[in-house]
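Got your viewer open? Load the model below and follow along, one selection at a time.

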Amino acid sequence: MGASSTARQPRVGSRQQADLLALLRDEGAISRVALGERVGLPRAKLTAELGKLVDTGLVEVGGPAASRGGRRSTFVHLADDLRLLGVDVGATSITVAVTDGRCEVLAHASEECAVREGPVVVLGRVLALAEQVLAEAPGRLIGAGIGLPGPVSFRDGMPVAPPIMPGWDRYPVRDELAGKWGCPVTVDNDVNVMALGERHAGVARSLDDLIFVKVGTGIGCGIVLGGRVYRGVAGTAGDIGHIRLDDFGPACACGEVGCLEAYFGGSALAREGLTLARSGRSALLASALEDHGRVTAEDVGRAANSGDFAAASLVREGGRRLGHVVASLVSFLNPGMVVIGGGVSRLGHSLLAEVRGAVYRRSLPLATGNLPIVLSELGDLAGVTGAAWSATDRAFSTVT
């Protein structure tokens with residue numbers, strides 16, 4: 001991976017240093033005076049803690065800040081050469097990005113790769129893409145984060161019994177990647193890191209309470225409460241794709257029947273679209289089947305957005321079912337925002353309208369009176385941004 005990724009990792013020596021780093025990450029360059037006021041440190045203590053951070057190479061002191069009367073302060077900012085890796089592994093694709101210390105994406109790369117191929121193949125591709133993006137934006141690698149499409153033990157850094165990831169159960173993802181990259185690594189569910197990405201740099205920036213709903217090959221929900229991801233006792237909180245809607249519904253990949261995901265995940269849309277194409281009820285989908293030999297969720301979305309009645313009905317019905325589940329979450333959690341993301345969210349405002357309608361009809365007026373329900377602003381970069389942000393929580397902490 002190069003010398004920059006295997007250099008000795010900087011150490012954070014105190015809670016005050018961790019607080020200073022988090023503030024500089026979230027707000028950028030700040031004057032010494034404003035920094036001291038924000039973290040409540042007297043001048044002598046602030047000078048001492050900043051001096052230690054400068055010595056470790058995590059922080060740099062820049063030019064003079066605007067005068068507030070008296071002696072001019074100086075700007076403090078995270079070191080320009082700090083680098084973080086964010087990795088988003090989906091069911092059928094991988095995206096890897098390198099960011100600066102503020103989790104701003106500097107370079108990224110994506111490729112198709114089925115998670116079912118197993119950890120050896122998939123992580124091999126992750127390492128190759130990481131090497132590629134680090135070459136485009138070289139620097140000192142201080143941390144990495146990865147999101148996986150299944151239940152994850154955040155504490156242990158490994159997936160646990162993931163239904164669509166054969167061969168991954170308890171695979172030591174964190175330890176393997178930390179050994180390769182020589183830096184701390186965090187491992188989380190893909191939807192959790194997407195929620196963090198939107199909160200850090202997207203449409204939900206700075207909101208402390210939100211839910212992020214990913215509608216892709218599968219369906220999941222990232223829950224942020226009080227500014228922190230809520231994972232539950234075993235790390236499975238937000239697994240809404242396997243909420244059962246009908247005891248006699250279609251079979252789901254998890255082995256049960258009637259799950260939300262079996263009705264409206266990307267695979268379900270492709271399956272129903274194929275039925276419409278073969279029956280002749282959708283001329284556009286029949287044409288897609290003839291041209292490519294298959295029907296995808298993207299084909300259904302294009303047909304729906306082109307005015308195809310049968311495809312649009314599929315989207316409306318799926319959006320209505322999704323909206324019913326989201327309405328229950330809104331009534332239960334009372335979030336400040338609902339963000340819809342993932343590949344199927346490219347259906348756009350036709351999907352959003354159905355979800356909004358169901359939520360506003362079914363949830364309490366007090367919970368929905370000022371509730372924005374919006375599409376993801378970061379799109380395909382939500383996951384890598386959030387994964388990098390998660391990595392800073394470890395890299396900028398006193399945990400060894």
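**Start with confidence**

This is a predicted model, so colour by pLDDT before anything else: the mean for the protein is 91, and 95% of its residues reach 70 or more. Now select residues 1-6, where the pLDDT is below 50; beyond near neighbours in sequence, the model gives this stretch 13 contacts. Do likewise for residues 66-70, also below 50 in pLDDT, with five contacts beyond near neighbours in sequence. Where pLDDT is low, don't read the predicted coordinates in detail.

**On to the sheet**

Switch to cartoon and find the open sheet. What is the order of its five strands? Reading across, you get β6-β5-β4-β7-β10, and the pairing is mixed. Pick out the edge strands, β6 (105-112) and β10 (185-189), each of which pairs on one side only. Neighbouring strands in this sheet are turned by 15° against each other on average, ignoring direction.

Zoom in on the β10 edge next. Strand β7 (residues 140-148) pairs with β10 in the parallel sense, over five bridges. To see a bridge up close, select Gly145 and look for its partner in β10, Thr186.

**Then the helices**

Which strands does helix α5 lie across? Select residues 119-136 to show the helix: it lies across β4 (82-89), β5 (93-99), β6 and β7, and runs at about 35° to β5.

Last stop: select residues 173-181, helix α6. Helix α6 lies across β4, β7 and β10, running at about 145° to β10.

Definitions and conventions. Residues numbered from 1 in each chain as written. Predicted model: local features only at pLDDT ≥ 70, side-chain atom pairs only at ≥ 80, totals over all residues. Heavy atoms only, no water. pLDDT = per-residue confidence, 0-100. Contact = heavy atoms within 4.5 Å. Pairing = 2+ DSSP bridges. Helix = DSSP H or I, 4+ residues; strand = E, 2+ residues; numbered from the N terminus. Axes fitted to C-alpha atoms, helices over the stretch in contact; angles between N-to-C directions.
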